[in-house]
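Got the viewer open? Load the model, switch to a cartoon view, and keep the selection box handy.

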Amino acid sequence: MKVSYFPGCTLKNKAKDLDVYARKCAEALGITLEEIEEWQCCGGVFTTSRDEIATKLSSVRALKAAKEKEQPLVTVCSACHNVIKQTNHAMRDAEFADKVNRYMNEEESYDGSTAVYHYLEMLRDLVGFDTLKEKVVNPQKGKKIAAYYGCLLLRPGNVMQMDDPENPRIMEDFIRAIGAEPVYYAYRNECCGGYIAMESRESAKKKSNRVTENAVGCGAEAIVTACPLCRYNLEKSGSSVPVIYFTELLAEALGVKEDSHE
């Protein structure tokens, strides 16, 4: 199976492990991630201003590139996925799409028809967790892992449609599929404070500590995330347990993990 792949900026520098292990694991699962040519930053944040067009164009170009290949578009960074998925949803509005397509001034317009998957959704919906379980060569038995969703994977729920934004299970199901034990805790889908760090480091630290302390208090030996910013904040705030990317955990289970690239 071939899919179009949007890595995003952070995965090319500060979050290389998230990208490298995503590629290795996909290959082990029989999926080819075809990186989109000449991709640009997703835009960093999705703004709801109806007349704000320019920052969304790079996401539209990526979506359009996947459509031209007749492939779904897969992302792995939580922030990139959120921006691209929201942009794709916005492009289904005729008025908004008309503004974007006239701005881009290309022969073929884009209408929001590309299927967008987060890597976790690819594992669940395209590979299947039962199939993933069969591919595991190094079951993560005995490991108690806390899934940290953060804000961006799940919200806004009516657009992202990955899982129940209040009671998600996709990451816990992933953890079970690779043989580990998921740890449930209250703050698994709460904000780490990343977006207030510049305004108030103290407030951001409190939010991050609330997450890690809650996870550890419920028995977690490690925390997994798909968001580079979340990982940075949780680690910087002094997490007492390792905070790792879910792709690294997957690579261990599939037997393709190598030395860290970060």
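What follows is a walk from the whole chain down to single residues and pairs.

**Stop 1: the whole chain**

Keep in mind that this is a predicted model. With everything selected, you are looking at 11 helices and 8 strands. The radius of gyration is 18 Å, close to the 18 Å that the globule rule gives for 262 residues, so the chain is as compact as a globular protein of that length. Turn it around and the C-alpha trace spans about 55 × 45 × 30 Å along its principal axes.

How much of the chain is buried? Buried residues make up 53% of the 262 residues. Switch on the surface and you see about 12,300 Å² exposed, with carbon and sulfur atoms supplying 46% of that area. As for contacts with a separation of 6 or more, 73% of them join residues 24 or more positions apart.

**Stop 2: helix α2**

Select residues 57–68, which form helix α2. The 12 residues should span 16 Å at 1.5 Å a residue, and the end C-alpha atoms are 16 Å apart, which agrees. Now colour the buried residues of α2: L57, S58, S59, V60, A62, L63, K64 and A66. Note that a lysine, K64, is on that list.

What covers these buried residues? The cover includes the strands β1 (2–6), β3 (73–75) and β4 (116–118), along with the helices α3 (78–90) and α4 (94–104). Before you leave, click on E70 just after α2, where phi is positive, at about 55 degrees.

**Stop 3: C77, between β3 and α3**

Move to C77, in the loop between β3 and α3. Is C77 buried or exposed? At 4% relative accessibility, C77 counts as buried. Show P7 as well: C77 and P7 are 70 residues apart in sequence, yet their C-alpha atoms are 7.3 Å apart in space. Leaving out residues up to four places away in sequence, C77 touches P7, L11, L18, H118, A226 and P228.

**Stop 4: T247 and L132**

Next, pick T247 in helix α11 (residues 246–254). T247 has 1% relative accessibility, so this threonine counts as buried. Beyond residues up to four places away in sequence, T247 touches D17, L18, Y21, A22, C25 and V76. You met L18 a moment ago, among the residues that C77 touches.

Then jump to L132 in helix α6 (residues 129–135). At 0% relative accessibility, L132 counts as buried. Which residues is L132 in contact with? Setting aside neighbours within four places in sequence, they are L29, V127, F174, A177, I178, L250 and L254. Try the distance tool too: the C-alpha atoms of L132 and A186 are separated by 27 Å, with their positions 54 residues apart along the chain.

**Stop 5: salt bridges**

Side chains of opposite charge can pair when their charged atoms come close. A search of the whole structure turns up 20 salt bridges, and a few are worth a click.

Start with R124 and E121, whose side chains meet at 4.0 Å, N to O. The two residues are 3 apart in helix α5 (residues 119–127), so about one helical turn separates them. R124 is partly exposed at 26% relative accessible area, whereas E121 is buried at 4%.

Now zoom in on R169 and D173, where the closest N and O atoms of the salt bridge are 2.8 Å apart. D173 is buried, with a relative accessible area of 17%.

Then select R188 and E172, another salt bridge, at 2.8 Å from N to O. This pair links distant parts of the chain: R188 is in the loop between β6 (181–183) and α9 (201–217), while E172 is in helix α8 (residues 170–177), 16 residues away. Are these two buried or exposed? Both R188 and E172 are buried.

Finish this stop with a group selection of K12, D19, R23 and E35, which are linked in a network of salt bridges.

**Stop 6: a patch on the surface**

Bring the surface back and select Y195, L229 and Y232, which make a nonpolar surface patch of about 330 Å². L229 is in helix α10 (residues 228–236). With a relative accessible area of 34%, L229 is partly exposed.

Key. Residues are numbered from 1 along each chain as its sequence is written. This is a predicted model: local features need pLDDT of at least 70, side-chain atom pairs count only at pLDDT 80 or more; totals for chains, interfaces and linings use all residues. Side-chain values use heavy atoms; hydrogens and water are left out. Helices (H or I, at least four residues) and strands (E, at least two) are DSSP runs, numbered from the N terminus. The expected span of a helix is 1.5 Å times one less than its number of residues. Buried means under 20% relative accessible area, exposed over 50%, partly exposed in between (1.4 Å probe, protein chains only). Contact means heavy atoms within 4.5 Å. Patches are made of residues with over 30% relative accessible area and no salt bridge: like charges are joined within 9 Å, nonpolar side chains (Val, Leu, Ile, Met, Phe, Trp, Tyr) within 5 Å. Accessible areas come from the Shrake-Rupley method with a 1.4 Å probe; for residues, only the protein chains shown count as cover. The radius of gyration is taken over C-alpha atoms; the globule rule is 2.2 Å times the number of residues to the power 0.38.
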